[in-house]
Amino acid sequence: MEEKEKREGNKTEGRFSALLPIGVFLVLFVGVSLLTGDFAAMPAIVAFLIALLTAFLQNPKRTFDEKLRTAAEGAGDDNVITMCLIFLAAGAFSGTVTAAGGADSTVNLGLSVLPSGVAVMGLMIIGCFISLSMGTSMGTIAALAPIAVGISQRAGFPMAVCMGAVVSGAMFGDNLSMISDTTIAAVRTQGCQMKDKFRENFLLVLPAAILSLVLYVILGSGDSYQPQEAYSYNWLQVLPYLLVLIGALAGLNVFVVLVGGTVLSLLSGLITGTIAPAEIFTVMQGGIVEMYDITVISLVVACLVSLVRKNGGIAYILRVIRSRIHGKTGGEYGIAVLTLLVDLVTANNTIAIVMAGPIAKEISAEYQISPKRTASILDIFASVGQGLIPYGAQMLLAAERAGIPPLQIIPYTFYPMLMGVTVLVFIGLRRGR
């Protein structure tokens with residue numbers, strides 16, 4: 001019944017007024033942030049709840065119970081529930097592997113094998129591996145930023161260049177990691193397999209990563225960095241990251257991979273003494289709690305989008321898009337621009353994907369774009385925006401640790417910039433073929 005209603009809704013021209021709840025969210029979130037100068041002044045969940053209330057007040061011809069049923073159907077969608085469960089499983093793994101010392105050992109392992117003559121490029125390489133393993137750009141920046149500061153001070157490299165390399169590496173894994181919340185959101189909103197999305201995504205961003213590394217080699221040439229002490233690491237603590245990475249690439253069920261990684265992290269923590277037996281469940285809880293916000297936001301956004309679709313909002317957006325873009329290439333450009341714009345106003349790449357995902361899925365169905373391609377474009381351009389905006393959490397954290405303004409770092413975050421450019425070129429080349 002619901003699928004029939006969706007198909008019928010797509011045949012109509014839709015209504016612009018149905019987009020009012022989304023407008024309310026943007027006005028509240030962006031307006032309060034601009035007035036206060038703080039993007040944390042208006043919590044996203046509060047703005048979304050007010051927008052959801054606005055959606056409930058629309059369309060008086062329908063009863064409140066009917067609207068509630070529509071919202072519940074949106075939140076109860078298979079992909080939405082699966083996405084939320086994966087968020088929580090990823091949180092459990094992140095909490096246990098970090099408590100077991102995996103993050104520190106992984107950073108030290110990278111620094112131990114890093115040649116002194118390519119320190120700046122090495123920061124990006126280590127950042128790529130850590131973020132790919134941990135699935136979090138914020139955690140990667142928090143772990144690597146102090147090391148980047150030390151390298152800058154001792155070797156004389158510009159602080160902004162070192163931090164740009166750290167942010168670039170962090171965004172690489174944020175976009176590609178199997179346990180990144182952005183990857184989970186992109187895959188589940190489009191209904192494709194993680195391994196398929198990874199392969200499609202990797203081929204699109206590989207040129208940008210290589211070009212970025214070359215630029216960091218050029219900027220970091222002429223000086224070398226000699227660590228003052230040897231970095232200690234334990235392979236047993238690094239092993240859970242490798243297990244999750246290899247298992248996900250092999251196509252194993254994501255829940256099996258995350259549960260296996262969590263168990264192995266607990267065992268490594270117990271063996272190395274970094275986790276006490278009494279802390280086994282509390283360290284898991286700590287990671288799960290960190291995923292509460294994005295899980296609840298995903299459910300609320302699903303309710304909101306379901307009501308907006310029912311009222312004709314999605315049909316209106318599709319009508320506008322159809323009038324301006326044509327063909328598969330135009331559809332891909334449309335998804336890219338849509339995702340980038342949503343990220344610029346939300347300053348959160350995961351929320352941007354959750355919001356833009358349902359619309360992108362409709363566009364991909366309209367223009368016969370494969371789900372893995374759509375998921376890749378969603379994740380890529382959300383990361384492009386997040387890696388370049390001065391008010392994003394990643395850039396603010398890097399600037400705070402470096403003691404410099406975010407605008408000084410942005411010119412040296414080569415990877416997000418080149419990622420956007422190269423993917424747009426690839427999309428254009430498809431038109432040529």
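So, T70: you'll find this residue in helix α4, which covers residues 64-75. Before I go on, keep in mind that what you have in front of you is a predicted model. Now, is T70 buried or exposed? T70 has a relative accessible area of 4%, and because the cut-off for buried is under 20%, T70 counts as buried. And what does T70 touch, if we skip residues up to four places away in sequence? The list is R62, S306, L307 and K310.

Let's step back just ahead of that helix. N59 sits in the loop between α3 (44-57) and α4. Have a look at the backbone there: N59 has a positive phi of about 55 degrees, although N59 is not a glycine. N59 is buried too, with a relative accessible area of 18%.

There's another residue like that further along. Q368 isn't a glycine either, and phi of Q368 is near 55 degrees, again a positive value. Q368 is in a loop as well, the one between α18 and α19. But buried or exposed? Q368 is exposed, with a relative accessible area of 66%.

Okay, on to helix α15. This helix runs over residues 292-310, so we're talking about 19 residues. How far does α15 reach from its first C-alpha to its last? The answer is 27 Å, close to the 27 Å expected at 1.5 Å a residue. Just after α15 comes G312, with a positive phi of about 100 degrees.

Now find Y292, which is in helix α15. Y292 is partly exposed, at a relative accessible area of 41%. Here's a fun one to find on the screen: Y292 and F87 are 205 residues apart in sequence, yet their C-alphas are 8.5 Å apart in space.

Let's talk about the inside. In soluble globular proteins, nonpolar side chains tend to be buried together. How many residues are in the largest nonpolar core here? That core has 123 residues, and F48 and Y415 are the ones with the most contacts inside it. Helix α9, residues 159-176, gives this core its largest share, namely 12 residues. There's also a second, separate core of 5 residues, and A100, L266, I275 and V283 are among them.

Let me zoom in on Y415 for a moment. Leaving out residues up to four places away in sequence, Y415 touches M124, S168, M171, F172, N175, V205, A208, A209 and S212.

Next up, charges. Side chains of opposite charge can pair when their charged atoms come close. How many salt bridges does a search of the whole structure find? It finds 6 salt bridges. I'll show you three of them.

One is E200 with R373, where the closest N and O atoms are 3.0 Å apart. Why would you say this pair ties distant parts together? Well, E200 lies in helix α11 and R373 in helix α19 (residues 371-386), so the salt bridge links parts that are 173 residues apart in sequence. E200 is buried, and R373 is buried too.

Another one is R309 with E362, with the closest N and O atoms 3.6 Å apart. R309 lies in helix α15, and E362 lies in helix α18 (residues 349-367), so this pair ties together parts 53 residues apart in sequence. E362 counts as buried, at 15% relative accessibility.

Then there's E400 with R401, whose side chains meet in a salt bridge at 3.1 Å, N to O. E400 is exposed, with a relative accessible area of 54%, while R401 is partly exposed at 37%. And one more thing about the charges: salt bridges that share partners join E200, E332 and R373 into one network.

Last stop, the surface. Which residues make a nonpolar surface patch of about 400 Å²? They are L206, I210, V214, L215 and I218. Let's take L215 from that patch: L215 lies in helix α11, residues 194-219. L215 is at 32% relative accessibility, so L215 counts as partly exposed. It's handy to recall a bit of helix geometry here. An α-helix has 3.6 residues a turn, so residues three or four places apart point the same way. Helix α11 has come up before, by the way: E200, the partner of R373, lies in α11.

Definitions and conventions:
Residues are numbered from 1 along each chain as its sequence is written. This is a predicted model: local features need pLDDT of at least 70, side-chain atom pairs count only at pLDDT 80 or more; totals for chains, interfaces and linings use all residues. Side-chain values use heavy atoms; hydrogens and water are left out. Patches are made of residues with over 30% relative accessible area and no salt bridge: like charges are joined within 9 Å, nonpolar side chains (Val, Leu, Ile, Met, Phe, Trp, Tyr) within 5 Å. Accessible areas come from the Shrake-Rupley method with a 1.4 Å probe; for residues, only the protein chains shown count as cover. A salt bridge is a side-chain nitrogen of Lys or Arg within 4 Å of a carboxyl oxygen of Asp or Glu. Helices (H or I, at least four residues) and strands (E, at least two) are DSSP runs, numbered from the N terminus. Buried means under 20% relative accessible area, exposed over 50%, partly exposed in between (1.4 Å probe, protein chains only). The expected span of a helix is 1.5 Å times one less than its number of residues. A nonpolar core is a set of buried Ala, Val, Leu, Ile, Met, Phe, Trp, Tyr and Cys residues joined through side-chain atoms within 4.5 Å. Contact means heavy atoms within 4.5 Å.
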